[in-house]
2 protein chains.
Amino acid sequence: MGATTTDQQLDALFTALSDRTRRDIVARLTIGDATVKELAEPYAMSMQAVSQHIRVLERSGLISRGRHRQTRPCRLEPAALESAASWVEESRRTWSERMDRLDSHLARVQKRADR
Amino acid sequence: MGATTTDQQLDALFTALSDRTRRDIVARLTIGDATVKELAEPYAMSMQAVSQHIRVLERSGLISRGRHRQTRPCRLEPAALESAASWVEESRRTWSERMDRLDSHLARVQKRADR
DNA sequence: TCCGTACTCAAGCATCTGCTTTATAAAGTG
DNA sequence: CACTTTATAAAGCAGATGCTTGAGTACGGA
């Protein structure tokens with residue numbers, strides 16, 4: 001449960017997600033595995049450029065790769081996506097707990113004022 | 001509900017979160033508002049450097065700033081955190097739907113094989 | 001074996017980032 | 001008023017990032 005993700009992993013993860021092309025690729029891979037060529041198709045940039053994006057995604061742990069004939073199919077690794085989600089959720093949780101405490105504090109203050 | 005976050009907003013958001021110092025600052029701000037000086041305290045780097053990190057966070061929408069005496073207190077803006085969470089959750093959802101379909105497909109295939 | 005397909009490697013280049021230092025501004029305090 | 005505190009602005013710099021082109025590698029087909 002306690003997702004122990006290192007700071008370096010989070011660096012790599014959020015860096016990977018900070019580029020539109022890479023987010024597109026991740027979104028594409030949620031639908032199904034794909035080769036570099038297939039992933040490169042929609043873009044004006046060279047396949048080499050897409051290959052480099054894929055490497056960034058691979059290093060972040062967001063995708064893994066296999067081998068099939070002469071292709072290197074890409075597959076999404078949802079565990080990495082979970083790590084990113086966990087960090088964000090933890091922050092949201094802490095913040096909302098603080099807000100809850102603030103609310104109840106204000107309620108108490110209000111109650112006193114009402115008397 | 002349909003969090004319509006632009007690609008540029010997501011770029012800024014994930015870029016902001018891709019740095020450990022900035023993630024630390026966000027985590028610190030979940031606990032409570034703070035001034036630049038307070039946020040800079042734990043770090044070896046100059047206050048100017050922290051001020052620049054804060055600007056990145058502000059541009060991403062993750063924090064907002066007020067004025068109080070000669071300080072510029074920073075406050076977390078959880079809506080931005082939600083935008084980031086939404087993007088990740090959307091990907092996770094699509095992926096798991098695909099997995100569900102795959103599972104039920106495999107179940108059907110298995111059933112046929114059992115006969 | 002020669003050829004095409006799918007990809008990676010490597011070098012180059014413009015731009016962006018994360019920091020520094022110096023200088024400046026704005027708001028209290030003596 | 002001078003002086004301190006808090007913060008921003010601007011310039012400079014090393015290193016990272018996102019692309020390019022050109023060259024290679026690995027696999028399969030005729």
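This note describes how two protein chains of a predicted model meet DNA strands C and D.

1. Conventions. Local features need pLDDT of at least 70 and side-chain atom pairs count only at pLDDT 80 or more, while totals for chains, interfaces and linings use all residues; side-chain values use heavy atoms, with hydrogens and water left out. Residues are numbered from 1 along each chain as its sequence is written, with chains lettered from A and ligands numbered from 1 in the order in which they are written.

2. Surroundings of strand C. DNA strand C is surrounded by 21 residues, where near means that a heavy atom of the residue lies within 4 Å. The closest are A:Lys37, A:Ser51, A:Arg65, B:Gln48 and B:His53. Sugar or phosphate accounts for 64% of the atoms of DNA strand C within 4 Å of the protein, and bases for the rest.

3. Polar contacts of strand C (pairs of N or O atoms within 3.5 Å). A side-chain N or O atom of B:Ser46 is 2.9 Å from a phosphate oxygen of DNA strand C. B:Gln52 places a polar side-chain atom 3.1 Å from a base nitrogen of DNA strand C.

4. Surroundings of strand D. Here too, 21 residues surround DNA strand D, and the closest are A:Ser46, A:His53, B:Lys37, B:Ser51 and B:Arg65. Of the atoms of DNA strand D within 4 Å of the protein, 67% are from sugar or phosphate.

5. Polar contacts of strand D. A polar side-chain atom of A:Ser46 is 2.8 Å from a phosphate oxygen of DNA strand D. From B:Lys37, a polar backbone atom lies 2.6 Å from a phosphate oxygen of DNA strand D.

Definitions and conventions:
Polar contact = N/O pair within 3.5 Å; in protein donor to acceptor, adjacent residues only side chain to side chain.
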